[in-house]
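User: I'd like to go through this model and check the labels people put on it. Can you take my questions one at a time?
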2 protein chains.
Amino acid sequence: MGRRSDHSREEIRQMALAAAQRRLESGGLAALTARKVADDIGYAVGTLYNLFDNLDMLIVHVNGATLDMLYDELAPTVRGRNPEADLAAMLAAYLRFLAEKGQLWGALFDHRRAGDAAPLPDWYLAKVARVLGVLESALRPLFPTDDTAGCAQAARVLWASLHGICSLGETGKLPVITAQSVADMANSLVENYVAGLRVRPENSRAEGE
Amino acid sequence: MGRRSDHSREEIRQMALAAAQRRLESGGLAALTARKVADDIGYAVGTLYNLFDNLDMLIVHVNGATLDMLYDELAPTVRGRNPEADLAAMLAAYLRFLAEKGQLWGALFDHRRAGDAAPLPDWYLAKVARVLGVLESALRPLFPTDDTAGCAQAARVLWASLHGICSLGETGKLPVITAQSVADMANSLVENYVAGLRVRPENSRAEGE
DNA sequence: CCTTTAAATGAACTATGTTCAATTTATCGG
DNA sequence: CCGATAAATTGAACATAGTTCATTTAAAGG
């Protein structure tokens with residue numbers, strides 16, 4: 001079969017992304033194969049490779065959509081006055097997202113690309129940065145107005161740390177104490193880290209002790 | 001070919017593990033395939049499956065060895081008096097391990113087993129717990145003698161958080177500010193979290209603000 | 001030396017991502 | 001309306017995976 005007029009190029013792209021997302025949600029990354037997605041949308045495997053360089057890029061696009069969803073959930077939780085309160089609300093929203101869209105969240109991090117693959121595209125990093133921006137705005141009051149760098153770094157530390165807790169928690173790689181404790185751990189992290197920021201003003205960048 | 005007497009069953013196991021470790025160190029998880037390991041040790045693929053249930057279990061054993069190495073590096077850094085000093089030394093050793101044995105460290109976390117796989121064996125979790133024990137002993141002075149649980153939880157929070165920083169840093173998934181900043185982030189985490197523990201004594205388990 | 005038993009083998013099976021010559025259809029010039 | 005051109009779609013084919021198991025081979029026991 002050749003050139004159909006069933007759908008435009010862009011429509012097929014969207015269908016493929018939607019199908020990929022569905023597969024991800026129900027069966028995780030393992031369920032997301034080129035042939036299955038192609039079947040889902042009623043096109044042949046080769047067609048997928050007209051629209052995406054490879055499966056990795058398809059997944060990166062799905063992950064981009066996930067980051068947008070995450071932003072939409074997190075952004076409204078920050079009111080910009082009290083860091084502790086904002087962070088608690090934000091963390092709750094994050095954990096809720098993780099509980100509801102666990103497989104999508106998982107793909108954000110489980111998807112490891114080959115070492116020789118192109119670096120993550122700028123538009124993707126921008127989406128990550130946008131989510132980080134929410135966290136930055138919550139932390140903002142803790143830093144002097146001119147210390148944007150310190151705030152940005154603190155946001156990255158918190159974000160990455162939180163990721164570690166959720167990630168190890170979900171994959172069972174950490175002998176965890178109770179089932180509830182991923183949330184407990186996340187709370188412990190945020191509260192103590194922020195308390196630390198308050199006690200050690202501005203020089204949060206650490207020299208020898 | 002059938003029953004050789006070149007090596008005992010246990011010898012082949014060790015050869016396979018050593019070969020797997022070598023492959024991991026040079027090319028990461030992608031370079032560790034059943035056929036290649038079999039070739040390396042001069043046996044056929046099938047033989048590997050006499051010794052290990054499957055490739056996953058082979059990798060779990062290599063990871064176990066990595067955890068032992070890590071323990072050996074971390075354990076001597078804790079002197080048991082000053083938490084801040086101990087943690088700084090321990091963190092330095094951890095980052096050194098990461099720099100030198102990055103691929104082995106990576107396999108500890110990159111290796112995601114299928115959802116239907118058996119849970120991680122107890123002996124493996126025990127090795128994880130042993131490494132965590134080092135961290136616990138460094139944090140010990142910060143907690144009342146009877147609060148073992150609080151100390152254990154703090155150790156897990158720190159450990160998992162640190163993992164998040166290193167993991168996201170290495171995979172380029174976090175738009176990082178400078179090249180140096182993984183170490184900076186790790187220091188920021190440890191120092192602020194510990195400062196937080198000091199300021200908010202014992203009730204580090206977090207209720208509503 | 002023959003029998004028994006255990007180890008070692010490697011072809012075969014299923015499934016993956018990816019490629020590309022061949023095919024089919026739309027589009028456009030006349 | 002037709003024929004040529006261009007574009008999209010196809011699916012068989014390739015390389016590589018993990019895993020299995022009937023068959024082969026060598027050691028051990030009597």
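Analyst: Sure. Keep in mind that this is a predicted model. A place to begin is the DNA side: helix H1 (9–27) and helix H3 (45–51) of chain A, with helix H2 (34–41), helix H3 (45–51) and helix H4 (55–74) of chain B, each supply at least two residues of the surface near DNA strand D.

User: Which helix gives the most to that surface near DNA strand D?
Analyst: That would be H3(A), with 4 residues. There are 26 residues around DNA strand D, and those that come nearest are A:Gly2, A:Gly46, B:Gly2, B:Gly46 and B:Asn54.

User: What makes up the surface near DNA strand D by class?
Analyst: It has 10 nonpolar, 9 polar and 7 charged residues. Gly counts as polar here.

User: How do you know what relation chain B has to chain A?
Analyst: Superpose them: a rotation of 180° with 0.0 Å of shift along its axis puts chain B on chain A, at an RMSD of 0.1 Å. That is the relation of a two-fold axis. The same surface serves both copies, as 100% of the contact residues of chain B recur in chain A.

User: How many residues of chain B are in contact with chain A, and what supplies them?
Analyst: 52 residues of chain B are in contact with 53 residues of chain A. On chain B's side, helix H5 (83–100), helix H6 (102–110), helix H7 (122–139), helix H8 (148–171) and helix H9 (181–199) each supply at least two residues. H8(B) gives the most, with 14 residues. By class, that side of chain B has 27 nonpolar, 15 polar and 10 charged residues.

User: Why is B:Trp159 called buried?
Analyst: Count the neighbours: B:Trp159 has 22 other C-beta atoms within 10 Å. The cut-off for buried is 20 or more, so B:Trp159 is buried. B:Trp159 is found in helix H8 of chain B. Leaving aside neighbours within four places in sequence, B:Trp159 is in contact with B:Leu132 and B:Leu135.

User: How do you know whether B:Trp159 and B:Val199 are in contact or apart?
Analyst: Their C-alpha atoms are separated by 20 Å, and the two are 40 residues apart along the chain. Contact is judged on C-beta atoms, within 7 Å. B:Val199 is not among the contacts listed for B:Trp159 beyond four places in sequence.

User: Which residues have the most contacts inside the largest nonpolar core?
Analyst: A:Leu158, A:Ile165, A:Leu189, B:Leu158, B:Ile165 and B:Leu189, in a core of 102 residues. Beyond four places in sequence, A:Leu189 is in contact with A:Ser161, A:Leu162, A:Ile165, B:Val157, B:Ser161 and B:Tyr193.

Technical notes:
Residues are numbered from 1 along each chain as its sequence is written. Chains are lettered from A and ligands numbered from 1 in the order in which they are written. This is a predicted model: local features need pLDDT of at least 70, side-chain atom pairs count only at pLDDT 80 or more; totals for chains, interfaces and linings use all residues. Copies are superposed by least squares on the C-alpha atoms of residues with pLDDT of at least 70 in both. Two residues are in contact if their C-beta atoms, placed from the backbone, lie within 7 Å. A residue is near a molecule or strand if its C-beta atom, placed from the backbone, lies within 6 Å of it. A residue is buried if 20 or more other C-beta atoms lie within 10 Å of its own, exposed if 12 or fewer, and partly exposed in between; C-beta atoms are placed from the backbone. A nonpolar core is a set of buried Ala, Val, Leu, Ile, Met, Phe, Trp, Tyr and Cys residues joined through C-beta atoms within 7 Å.
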